[in-house]
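These are my notes on a structure with a bound ligand. I looked up how the chain is divided and what surrounds the ligand.

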Amino acid sequence: MFEIRVPATSANLGPGFDCLGMALAIYNRFIFEPADDFEMYNVDPRFDNDENMFLRAFMTESAILGKTTGIHVDFACDVPICRGLGSSAAMYAGGIIAANLVNGIQPDAEQCVNLASELEHHPDNAAPCILGGATACLKRDDNTVLVHRLDISDRFRYTILVPDSEVPTEQARAILPKSYPLSIAAGNGAHAVMMVEALRTGSLELLREAAVDQLHEPYRSQLIPNYSTVRKIVLDNTEGAFLISGSGSTCFFISHESLAPNAVRQIMELPDGWQIVETNIARGGIEIKENGVWRKSI
Ligand code: HSE
């Protein structure tokens, strides 16, 4: 019997569209064993079918490894679905790692990140999900991914604000323009570089100036209920950077101080069922439980 936990991720980190991402300590756990057939337990009924992402990734990786072992897997999933917190990356990554483990193979980090990114069509959730911490990714012309782990200051706190409404990533990508003026492309690149530096140094001043995006947030904010109100409440009460997590609907707040209780109270009074959680960076990525202790699996 194996037990792994796979973290949520917040992709983009503002201006780092399809490039920057961070693993967060909210997990999907998978408990599984090799079998002759395929069984899934405690799956969300919407995903209890052959299209299940964990299962698809398991099958794809098994085929690559040349293995035909089946799996019985129990799902214990805490990563919210369709909220911009990398739930699909967590499913794909879990299935890929499981295919290795049930066959007694030590997973290869690069191969797992490449496959998870291919299944996802972008690497900025898959890489931090598998490797942990924060990462910058570059998709090469041959579709493989160059990943760089980022140094992140431990001065920051990370708060997710999750509304009770889903935004499918395909919808959030479809509303984006097909092309942008050069000034916007150049500006976003500059902000993304500054964002990496702000996260490394722990400078709140730099972070606030860096955390500006013009590629996706202006369009996706329309898909988030009361976005402007929530943003204003947060920034009026606590200094920090207010971002859209991945493709939304979750908002992601990075700060030195915890979000002020006054802001939490006001947002909870809005009609959108907001859940607000201060979380940590998941530095271990996908972890396996051994003798009751979680350790890096890759
Ligand atoms: N970079 C992807 C996007 C992340 O913004 O569409 C999706 O979670």
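Entry 1, domains. I began with the domain assignment of the chain, which gives domain 1 (2–150 + 282–296) and domain 2 (157–279). I note that the model is a predicted one. I then took the centres of the two domains over C-alpha atoms and found 24 Å between domain 1 and domain 2. To the contact, domain 1 contributes 23 residues and domain 2 contributes 36 residues.

Entry 2, ligand site. I looked up where the ligand sits: the space it takes is the largest pocket. I checked the shell against the domain bounds, and at least three residues come from each of domain 1 and domain 2.

Entry 3, the shell. I listed the residues that surround the ligand as Ala-11, Asn-12, Phe-17, Asp-18, His-122, Asp-124, Asn-125, Thr-169, Arg-173, Arg-220, Gly-246 and Ser-247. Sorted by class, this shell holds two nonpolar, six polar and four charged residues.

Entry 4, polar contacts. I searched for side-chain N or O atoms paired with ligand atoms. For Asp-18, such an atom in the side chain is 2.5 Å from a nitrogen atom of the ligand. Asp-124 also places a polar side-chain atom by a ligand nitrogen atom, at 2.7 Å. With Asn-125 the partner is an oxygen atom of the ligand, which lies 3.1 Å from a polar side-chain atom of that residue.

Entry 5, burial. I computed the area of the ligand taken alone, which exposes 260 Å². The protein buries 98% of that area.

Terms used. Residues numbered from 1 in each chain as written. Predicted model: local features only at pLDDT ≥ 70, side-chain atom pairs only at ≥ 80, totals over all residues. Heavy atoms only, no water. Near = heavy atom within 4 Å. Polar contact = N/O pair within 3.5 Å; in protein donor to acceptor, adjacent residues only side chain to side chain. Areas by Shrake-Rupley, 256 points an atom, 1.4 Å probe, with all protein chains shown as cover. 1 Å grid on protein atoms, 1.4 Å probe; cavity = no way out; pocket = protein on both sides within 12 Å on 5 of 7 lines; lining within 4 Å. Sits in = over half its atoms within 2 Å of the grid points. Nonpolar A, V, L, I, M, F, W, Y, C, P; charged D, E, K, R; others polar. Domains from an automatic or database assignment. Contact = heavy atoms within 4.5 Å.
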